[in-house]
Amino acid sequence: MDNDTAQKIRESLTADCTKCFGLCCTALNIVASSDFPINKPAGTPCMNLQSNYSCQIHSQLRDKGFKGCTVFDCLGAGQVVSQVTFNGQSWREHPDIGKKMFQVFPIMEQIHEMIAYVAEALSYDIPDDLADKLRKQLKELQDLTKLDADNLLSLDLVMYRFSLNELLTSASDFVRKNTIDKMPGVRKFKEFDHARVNWMGKKLEGKDLRATDFRGAYLIAADMRNTDLRAVNFIGADLRDVNFSGADLSTSMFLTQMQVNSAKGDVKTTLPSYIHRPFHWIN
Ligand code: SF4
């Protein structure tokens, strides 16, 4: 798959709140924290959700303590559940479908996340047999998005995630190994495996971390200012409040918009082309 095709798939996973019935503001169970000031049970609309499904405090979310809302990204699952799975019927006008709709939303969200990862893996220069397996998985996942609500609810997503994880790890290992071979000065491959390690609050400022495997790592509030993070695998890493000011993330792998939204950065941070610079990084 070329980069343009991967980009088109990513664009199809862009949230369009105008076509969604406020599902992230209604379906999810949210516990009060520094990211969201109130408890909101699953299936209950947030007090700030208006009758037209827009947010009453959209421009003041961070100031009013709703930081989490500026981080969240449904990857377009909301509009697909609203317009495709439920054919444009909203839970407000049809309360009988509400429960099912709210249960389907997080399932669709996970499917969209897996599609985004597969599209990214296919944009890399990887062996043909691996690319074939990923293409097969992409088709299966895209077909899942067209299922009806009952079939979506009966899916075993753990099984899909399990097989996908293996393929994504293989793709990441291949790309990192190639990067190390091509980039002079990058240390040996094994020294860079930090998967699932706790790096919370670590001081890593200015370090050369190219091709590190930060898969599933806890990097909360780590100081990564001015670090070189090219070809780093960030899949599933917790990047809340990591300081990426001045860092080079231009070719970081499996980095999501939600991870970046949850981190800190500035105008000097270099991001992959498919990631938008968060508004709060500039202001
Ligand atoms: S504060 Fe606004 S964006 Fe956040 S959940 Fe409530 S309505 Fe949605």
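A polar contact is a pair of N or O atoms within 3.5 Å, where, within protein, one atom must be able to donate a hydrogen and the other to accept it. The exercises below apply this and related ideas to a predicted model.

**Exercise 1.** State which parts of the chain form domain 1 and domain 2, and how many Å separate their centres.

*Solution.* Begin with the division of the protein chain, in which domain 1 takes 3–24 + 72–175 and domain 2 takes 184–283. Next, take the centres over C-alpha atoms, which gives a separation of 24 Å between domain 1 and domain 2. The contact itself draws 13 residues from domain 1 and 13 residues from domain 2.

**Exercise 2.** Describe the area buried between the two domains, and find which three residues of domain 1 supply the most of its share.

*Solution.* Together the domains bury about 1200 Å², and carbon and sulfur atoms account for 65% of that area. Turning to the domain 1 side, Tyr117, Glu120 and Ser172 supply 37% of what domain 1 buries against domain 2, which is more than any other three residues supply.

**Exercise 3.** Work out how many salt bridges and polar contacts cross the interface, and which elements of domain 1 take part in it.

*Solution.* The salt-bridge rule finds zero across the interface of domain 1 and domain 2, whereas three residue pairs are in polar contact there, with both residues at pLDDT 80 or more. On the side of domain 1 that touches domain 2, two or more residues each come from helix H1 (3–12), helix H4 (95–122) and helix H7 (157–182). H7 gives the most, with five residues. Sorted by class, this side of domain 1 has six nonpolar, three polar and four charged residues.

Methods: Residues numbered from 1 in each chain as written. Predicted model: local features only at pLDDT ≥ 70, side-chain atom pairs only at ≥ 80, totals over all residues. Heavy atoms only, no water. Domains from an automatic or database assignment. Contact = heavy atoms within 4.5 Å. Buried area = accessible area lost by both parts, 1.4 Å probe. Salt bridge = Lys/Arg side-chain N within 4 Å of Asp/Glu carboxyl O. Polar contact = N/O pair within 3.5 Å; in protein donor to acceptor, adjacent residues only side chain to side chain. Helix = DSSP H or I, 4+ residues; strand = E, 2+ residues; numbered from the N terminus. Nonpolar A, V, L, I, M, F, W, Y, C, P; charged D, E, K, R; others polar.
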